[in-house]
Amino acid sequence: MALKRSLTAVLACAIAVCAQLEGLTELTPSFLPLQEDAGTTSLFPMPPCGNFDLVEATIDDIQAAMANGTLTSTQLVICCLQRTYQTQDYLRSIAQVNPDVFAIAAALDAERATGSVHPHG
Ligand SMILES: *[C@@H]1O[C@H](CO)[C@@H](O)[C@H](O)[C@H]1NC(C)=O
């Protein structure tokens with residue numbers, strides 16, 4: 001399936017980016033759903049995104065974490081893509097990933113680093 005190949009390519013890219021970024025969790029074998037976790041709340045574990053816990057986070061929490069430097073746009077993209085890849089076979093939540101997603105995130109991180117933050121759609 002083209003979508004699955006595309007997500008695999010994006011995840012491989014994300015892993016490469018992860019390896020270069022400090023503070024991101026490393027992928028572990030428990031990242032993907034394991035048969036032994038079927039029927040438990042551990043089936044889709046969600047590790048912290050760098051030093052930020054995305055589980056139950058609100059948009060306001062995410063914005064605050066980005067404002068205080070706990071979370072970058074690039075980290076958020078990686079973590080959301082990881083989550084999408086992890087659950088895609090079950091939820092089919094994403095039809096297409098913008099191939100420019102990492103470039104856009106990096107540009108927003110660079111913009112924020114200058115102290116200039118503008119709303120983006
Ligand atoms: C940054 O903001 C997040 C979200 O409000 C919060 O959880 C975290 O403790 C804050 N960290 C610092 C260093 O202020």
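Is Arg92 buried or exposed? Arg92 is exposed, because 10 other C-beta atoms lie within 10 Å. The term follows a count of other C-beta atoms within 10 Å of a residue's own, with these atoms placed from the backbone: 20 or more make a residue buried, 12 or fewer make it exposed, and anything in between is partly exposed.

Colleagues, a word on the source before I continue. The structure is a predicted model, in which local features need pLDDT of at least 70 and side-chain atom pairs count only at pLDDT 80 or more, while totals for chains, interfaces and linings use all residues. Residues are numbered from 1 along each chain as its sequence is written.

I turn to the overall layout. The protein chain has four helices and zero strands, and from the N terminus on its elements run α-α-α-α. Helices here are DSSP runs of H or I with at least four residues, strands are runs of E with at least two, and both are numbered from the N terminus. Of the 121 residues in the protein chain, 17% are buried. Two residues are in contact when their C-beta atoms, placed from the backbone, lie within 7 Å. Among contacts in the protein chain between residues at least 6 apart in sequence, 65% join residues at least 24 apart.

Next, the core. The largest nonpolar core holds nine residues: Cys49, Leu54, Ala65, Leu71, Leu76, Val77, Ile78, Cys79 and Leu81. Helix 3, residues 73-91, gives the most to this core, with five residues. Such a core is a set of buried Ala, Val, Leu, Ile, Met, Phe, Trp, Tyr and Cys residues joined through C-beta atoms within 7 Å. In soluble globular proteins, nonpolar side chains tend to be buried together. Cys49, with neighbours within four places in sequence left aside, is in contact with Leu54, Leu71, Gln75, Leu76 and Cys79.

Helix 3 deserves a closer look. Its buried residues include Ser73, Thr74, Gln82 and Arg83. A straight helix of 19 residues would span 27 Å at 1.5 Å a residue, but helix 3 spans only 24 Å between its end C-alpha atoms. The expected span is 1.5 Å times one less than the number of residues. Where is the kink in helix 3 centred? A kink of about 35 degrees is centred on Tyr85, the bend being the angle between axes fitted to the seven residues ending at a residue and the seven starting there.

Helix 3 is followed by Arg92, the residue of my opening question, which lies in the loop between helix 3 and helix 4. Its phi is near 45 degrees, a positive value in a residue other than glycine. Most residues other than glycine have a negative phi. Glu56 also has a positive phi, near 70 degrees. Glu56 lies in the loop between helix 1 (2-20) and helix 2 (59-67), and it counts as exposed because it has 7 C-beta neighbours inside 10 Å.

Helix 4 comes next. For its 13 residues, 101-113, the expected span at 1.5 Å a residue is 18 Å, and its end C-alpha atoms are 18 Å apart, which agrees. Within helix 4 is Leu108, which is partly exposed, as 19 other C-beta atoms lie within 10 Å. Leu108 and Thr74 are 34 residues apart in sequence, yet 8.5 Å apart in space, C-alpha to C-alpha. Arg112 lies in helix 4 and counts as partly exposed, with 16 C-beta neighbours inside 10 Å. Not counting residues up to four places away in sequence, Arg112 touches Met66 and Val117. Just after helix 4, Gly115 takes a positive phi of about 90 degrees.

I close with the ligand. Which residues are around the ligand? They are Asp61, Ala64, Ala65, Asn68 and Thr70, where nearness requires a C-beta atom, placed from the backbone, within 6 Å of the molecule. Ala65 also belongs to the largest nonpolar core.
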